[in-house]
Amino acid sequence: MIFNEKLETMGPEQLRNLQSERLRATVRRMYDRVAPYRKKMDAIGLTPGDIRSMDDLSKLPFTVKDDLRDAYPFGMFAEPMDNIVRVHSSSGTTGKPTVVGYTHYDVHEIWAEVMARTIGCANGTPQDIVHVAYGYGLFTGGLGVHYGAERLGATVIPISGGNTKRQIMIMQDFGSTILACTPSYSLYIADVCDEMGIRFRDLKIKSAILGAEPWTNEMRDEIEARLGVLAIDIYGLSEIIGPGVSSECPEKCGLHVNEDHFYPEIIDPETGKVLPDGQRGELVFTCITKEALPLIRYRTRDISALSRGKCGCGRTFVRMERVSGRTDDMLIIRGVNVFPSQIESVLVAIEGTEPHYEIVVDKSGALDELEIRVEVNPALFSDEVKGLEALRDKIQNEIESVLGITAAVKLVEPRAIARSEGKAKRVIDKRKMQ
Ligand code: DLL
């Protein structure tokens, strides 16, 4: 079902005019209200009047994650706190998270709208029962899908993540028809179903809106075969809105970007130059309607490509290819964004460890596993076992409180981790990606 036929099937010229008008207003707003962005424009002698249409977009300076970090927590907001009705946050490259804010308009007129479109892309209708197993909280997944499902007029089950047996019981008893969670969690739910002697296919779930972490078409095939559902890739990031930036339709030929709100570009990550359609590079978004945090040319570090050919579903919005990787070292473990530098700062702050470590990410069944191998200093290593166990527990707890996920910590003897002459290779990601 196309939720917003008028906008989602808009002709190219009309769309371009709408985008240009919105861009002009956004640039003016950012210039007048957000000092860090105004400084960037002033530095290159650019004024809001120089931006007349989408053709001028590439003149504008980029925004990067560090800009948000430098303005932590609320310094990039274009609205006074009185008008901010919600904040969310995601991991930053150091200990500080990235904080994002929303006005009432952002939550109800933009986010709920684009998420209703997303659920529509998965054949969702007001008759559906949407089982939201993304986490609720500072993470945008749970509440993002929640408001979209309500906007669509569907029934929401706000179950959040975890307690898988209970999830399955609720799906069975309440007759959930659309599942929203990470792709890996959907497979884990299927495993637990098997253990419980329940066939997932016998549940009423007809489609699944899966995202927040990279996955492949092969994984989709497996999910569709095992779960008997239509599995749709949904993409988004907190800085832009959360989920709802783009979504596949049943044609499965790329994710339609809600470009009347979030305008995408692909750039060469080295030179910053805009690349033509079809070429892979770093995805950059400009928010052209948001009030609280209308980031301009935000560099996502996600790798994708754009295509504008006709889509069988009738939607005209540009499509982005499934995200195939990142330009930085961010890992996504069980849907949680993790930077190796966050792990390093925990380790170096703990007495008794050496700055030599390895991060191993693997899959156990459908779920990601994180193991951290860290060298212990020689004095402690010869100490009694109790001391080592206490150290291991301490690291484990610290990691859990900083990252919000559990890690298996393995203490290894001094010099057990191979030294490197060049750039240390600290991350071993054994999960198979295409
Ligand atoms: O993960 C928002 C979201 C929630 C998207 C639920 C989809 C479903 P963040 O926590 O800010 O926001 O993480 C954003 O996750 O830059 C990508 O690297 C990655 N990501 C999100 N969706 C996908 C996807 C949410 N479908 C970061 N495929 C992004 C690959 C994805 N990577």
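## Helix α2 and its packing

The buried residues of α2 (buried meaning under 20% relative accessible area with a 1.4 Å probe, protein chains only) pack against α1 (5–8), α3 (35–43), β10 (262–267) and β11 (281–287), where contact means heavy atoms within 4.5 Å. Among them are Leu-15, Leu-18, Leu-23, Val-27, Met-30 and Tyr-31. This is a predicted model, in which local features need pLDDT of at least 70 and side-chain atom pairs count only at pLDDT 80 or more, while totals for chains, interfaces and linings use all residues. Residues are numbered from 1 along each chain as its sequence is written, and side-chain values use heavy atoms, with hydrogens and water left out.

Helix α2 covers residues 12–33 and reaches 31 Å from its first C-alpha to its last, close to the 32 Å expected at 1.5 Å a residue.

## The open sheet and helix α12

An open sheet of 4 strands runs in the order β20-β19-β18-β21 with mixed pairing, pairing requiring that DSSP finds at least two bridges between two strands. Its edge strands, β20 (408–412) and β21 (427–429), each pair on one side only.

Strand β19 (residues 367–376) pairs with β20 in the parallel sense over 5 bridges, and Glu-371 has Ala-408 in β20 as its bridge partner. Helix α12 (residues 385–403) packs on the sheet, touching β18 (353–364), β19 and β20.

## Surroundings of Ser-184

Ser-184, which lies in helix α8 (residues 183–196), counts as buried because its relative accessibility is 1%. Leaving aside neighbours within four places in sequence, Ser-184 is in contact with Glu-213, Met-219, Lys-363, Ala-366 and Leu-367.

Conventions: Helix = DSSP H or I, 4+ residues; strand = E, 2+ residues; numbered from the N terminus. Buried < 20%, exposed > 50% of the residue type's maximum accessible area, 1.4 Å probe, protein only. Expected span 1.5 Å × (residues − 1). Axes fitted to C-alpha atoms, helices over the stretch in contact; angles between N-to-C directions.
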